[in-house]
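Reader: I'd like a close look at just one part of this one: the place where the ligand sits. Could you walk me through the surroundings and then wander out from there?

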Amino acid sequence: MPTIDGLPPLRHVISKNGISARKSLGQNFLMDLNLTSRIARAAGNLENCDVVEIGPGPGGLTRGILASGARRVLAVEKDSRCIPALMEISEHYPGILEVINADALQVDLASMTNPPVKIIANLPYNVGTHMLVRWLSAENWPPFWASMTLMFQKEVADRIVANPGMKAYGRLGVLTQWRSDVRMIMKIPSAAFTPPPKVASAVIQITSLPTAKYPSHPKVLEMIVAKAFNQRRKMLRSALKNIVPDVEQQLKICGINPEARAEDTTIEQFCSFARHIEQISCDELIS
Ligand code: SAM
């Protein structure tokens, strides 16, 4: 059966290049080009965008992105075994696909792209959350990316979209939703991958807002939220007790019940407390 782009089917590419999946690199490959095209299309119109893809592997999602008409694609892959396969795709799309053989955590993606930038990736599960937190924690906002269409294990995706009162609500949800809109786009069964992971995955769409929903310094907010959810079953007055003297009183000043728990505290409340303690205390909080 012909493929969407006239290039060989992914199974051929993988066996020809000897890309046996490695657990240490979080390798679970998507084999269905119709599915990868669907994921790429979920990112919206790509014709006027630079797309960053982290971990293209043998190129299944890359081919979906290219078939969707992206202006330019910057693909960063750590595994050198995948590079020949990616170069073949690059030759098929001259001047559009640029492949970099590197650890994405070491690459300055902002300086290598032109706005608007969309990140689309099936992230390696072992470093995916770390990358997401880095993209969300930019001091300057709006960040270099306009949107991110990302695949995660379903359990991680649930945490990113969760609201107060939900079991999955935590640090990831607050950090994401504070300055972005987020929505779950589709669930992907583990059978869609080779090898199939133990759990299902999901694709989420994160769109950066021009400014945060509630003002707050990113480092202060991150510190408070990390401490609060580290002991999520404890009351805020205990979980946050070392942050400032008389934390109970400081929480009350912000209109927050000191006996509430992190899992019931809204993003607005976390931001209001972050602003307050930034004012009353300490330059050292943000240094
Ligand atoms: N995009 C492909 C797909 O959807 O079939 C592969 C996705 S696979 C889940 C994750 C990919 O990320 C692998 O190709 C792996 O080699 C790559 N990877 C792992 N760690 C990386 C890192 N630090 N920087 C860049 N790529 C990485």
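Author: Let's fix a term before we start: a residue is near a molecule if one of its heavy atoms lies within 4 Å of it. Keep in mind, too, that this is a predicted model.

With that cut-off, there are 21 residues around the ligand, and Leu-30, Gly-55, Glu-77, Asp-103 and Asn-122 come nearest. By type, the shell splits into 10 nonpolar, 6 polar and 5 charged residues. Two strands contribute to this shell: strand 1 (29–30) and strand 3 (72–77) each give at least two residues.

Now for the polar side chains. Asp-103, one of the residues that come nearest, has a side-chain N or O atom 2.9 Å from a nitrogen atom of the ligand. Glu-53 also faces a ligand nitrogen, with a polar side-chain atom at 3.4 Å. For Gln-27, the partner is an oxygen atom of the ligand, 2.9 Å from an N or O atom of the side chain. As for cover, the ligand on its own has 590 Å² of accessible area, and the protein covers 98% of that. And the site itself? The ligand sits in the largest pocket.

Moving out from the ligand, take helix 3 (residues 60–67). Of its 8 residues, 7 are buried, so this helix is largely enclosed by the rest of the structure. The buried ones are Gly-60, Leu-61, Thr-62, Arg-63, Gly-64, Ile-65 and Leu-66, so an arginine is listed there along with the leucines and the isoleucine. After helix 3 comes Gly-69, with a positive phi near 90 degrees.

That brings us to backbone geometry, where a bit of background helps. Most residues other than glycine have a negative phi, and most peptide bonds are trans. Asp-246 goes against the phi part: it is not a glycine, yet its phi is positive, about 50 degrees. You'll find Asp-246 in the loop between helix 9 (236–239) and helix 10 (247–253).

On the peptide-bond side, there are two cis cases to look at. Pro-115 and Pro-116 are joined by a cis bond with omega about -5 degrees, and Pro-116 is in the loop between strand 4 (97–101) and strand 5 (117–122). Trp-141 and Pro-142 are also joined by a cis bond, here with omega about 5 degrees. Pro-142 belongs to the loop between helix 5 (128–136) and strand 6 (147–153).

How values were computed. Residues numbered from 1 in each chain as written. Predicted model: local features only at pLDDT ≥ 70, side-chain atom pairs only at ≥ 80, totals over all residues. Heavy atoms only, no water. Polar contact = N/O pair within 3.5 Å; in protein donor to acceptor, adjacent residues only side chain to side chain. Areas by Shrake-Rupley, 256 points an atom, 1.4 Å probe, with all protein chains shown as cover. 1 Å grid on protein atoms, 1.4 Å probe; cavity = no way out; pocket = protein on both sides within 12 Å on 5 of 7 lines; lining within 4 Å. Sits in = over half its atoms within 2 Å of the grid points. Helix = DSSP H or I, 4+ residues; strand = E, 2+ residues; numbered from the N terminus. Nonpolar A, V, L, I, M, F, W, Y, C, P; charged D, E, K, R; others polar. Buried < 20%, exposed > 50% of the residue type's maximum accessible area, 1.4 Å probe, protein only.
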